[in-house]
Amino acid sequence: MERSRIAVAGASGLIGGALARSLAADGHEVVRLVRGAPRAVDEVQWDPERGSVDAEGLAGCDAVVNLAGAGVGDHRWTAAYKGRIRASRVRGTTALAEAVAALPRDVRPRVLLNGSATGYYGETGDRTVDEDAPPGAGFLPRLCVEWEAAAAPAREAGVRTVFARTGLVVARGGGAWGRLFPLFRAGLGGRLGDGRQYWSFIALHDEVAALRHLLDAEGLSGPFNLTAPYPVTNREITEAMARVLHRPAVFAVPAPVLRTVLGEMAGDVLGSARVVPARLLESGFRFAFPRIEGAVRAAL
């Protein structure tokens, strides 16, 4: 991509922050969407949960990347918190898509790259799924369907619209793995439930590279699974973490305990999602860390 002006919602998060740093390092101008009053020329105000955005701040941007949303694993899934998870994604996406669509064509962004998740597919068991698979059942699949549908105004206005269905990001600085690393370093790591559930992972390095690939490739639109090509079980992840960190991993958290502690969210932890990045590979993207051990080492 030539030097571009790119608006990023969610730039304070794990993925958005890494993407913003990568773009800025290559000379692109990054415009950050912030909730408070802008304090710099590269900030634009918005409120995703209320569905508002300063549309003028998006004028002249070549792309808008929306990775914002309340953390799925940050709190127990009460009815109120599930409402916040949904509002931060669906209303935020609607606001951005409508703002982009309303801009005059000569200053309208060419692409909207919107977040989504492998939660779209729900429980898949041992069955491998790619982007052609239908949505599953439950809170996360319904959320992802609504989340992606909220981008319709931009797509209908002729803006290239891409959905990044991201898996579990292997990184020290946040997300699920940000909580796993300290446990394993302390020798307290272990499998969750029976450990046979598939976790579709992606190294943070590959996540950022894939997002940039989707921004650069003019002909790409629709959903793309951002997961490594070799999903592995929770048991295999436990073994890989133990090898890389040179720590025992003898503990196990029984499924009933997880359900008691996490409530409805335990279904996501214990569920199996064997998701592969078919369209991403077909588009020519190549992973630097396609296997779990390499992804864990890269995070360190």
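Let's start at one residue in this predicted model: L214. Setting aside its neighbours within four places in sequence, L214 is in contact with L113, R160, V162, L220, F224, L226 and L280. Find L214 in the structure and look at what surrounds it, since several of these names will come back.

L214 belongs to the largest nonpolar core, which has 31 residues. Which of its members touch the most other members? They are L113, L214, L226 and L280. Several elements give two or more residues to this core: the strands β1, β5, β6, β8 (160-166) and β13 (222-226), together with the helices α1 (14-25) and α6 (204-216). The element that gives the most is α6, with six residues. There is a general tendency behind such a picture: in soluble globular proteins, nonpolar side chains tend to be buried together.

Three of those strands are worth a visit together. Strand β5 (residues 63-66) has both of its faces covered. On one side A63 and V65 are buried, and on the other side V64 and N66 are buried too. Strand β1 (residues 5-9) runs parallel to β5 and is joined to it by four bridges. Here I6 stands opposite A63 of β5. Strand β6 (residues 111-117) also runs parallel to β5, again with four bridges between them. N66 has N114 in β6 as its bridge partner.

Now move along to helix α5, which spans residues 175-185. Which of its residues are buried? They are W177, G178, L180, F181 and F184. Looking down the axis of α5, you would see these buried residues fall within an arc of 165 degrees, so they line one face of the helix. A general rule helps you read such a pattern: an α-helix has 3.6 residues a turn, so residues three or four places apart point the same way.

What covers the buried residues of α5? The cover includes the strands β9 (168-170), β10 (190-192), β11 (198-199) and β12 (201-203), as well as the helices α7 (234-245) and α11 (292-299). After α5 comes G187, whose phi is positive, near 75 degrees.

Helix α7 holds a residue that is good to look at next, T238. With a relative accessible area of 6%, T238 is buried. A polar atom of its side chain lies 2.9 Å from the backbone oxygen of N234. Leaving aside neighbours within four places in sequence, T238 is in contact with F184, G190, R191 and A249. You have met F184 already, as one of the buried residues of α5.

Our last stop is the aromatic rings, where the structure holds three aromatic pairs. One of them is made by W177 and W199: their ring centres are 6.0 Å apart and their planes stand at 80 degrees, so the pair is edge-to-face. This pair links distant parts of the chain, as W177 sits in helix α5 and W199 in strand β11, 22 residues apart. Are these two residues buried or exposed? W177 is buried at 0% relative accessibility, and W199 is buried with a relative accessible area of 9%.

F285 and F287 form another pair, with ring centres 5.0 Å apart and planes at 85 degrees, so this one is edge-to-face as well. F285 counts as buried at 6% relative accessibility, and F287 is buried with a relative accessible area of 13%.

Technical notes. Residues numbered from 1 in each chain as written. Predicted model: local features only at pLDDT ≥ 70, side-chain atom pairs only at ≥ 80, totals over all residues. Heavy atoms only, no water. Buried < 20%, exposed > 50% of the residue type's maximum accessible area, 1.4 Å probe, protein only. Arc of directions from axis to C-beta. Contact = heavy atoms within 4.5 Å. Polar contact = N/O pair within 3.5 Å; in protein donor to acceptor, adjacent residues only side chain to side chain. Pairing = 2+ DSSP bridges. Core = buried A, V, L, I, M, F, W, Y, C linked by side-chain atoms within 4.5 Å. Phe/Tyr/Trp six-rings, centres within 6.5 Å; stacked < 30°, edge-to-face > 60°.
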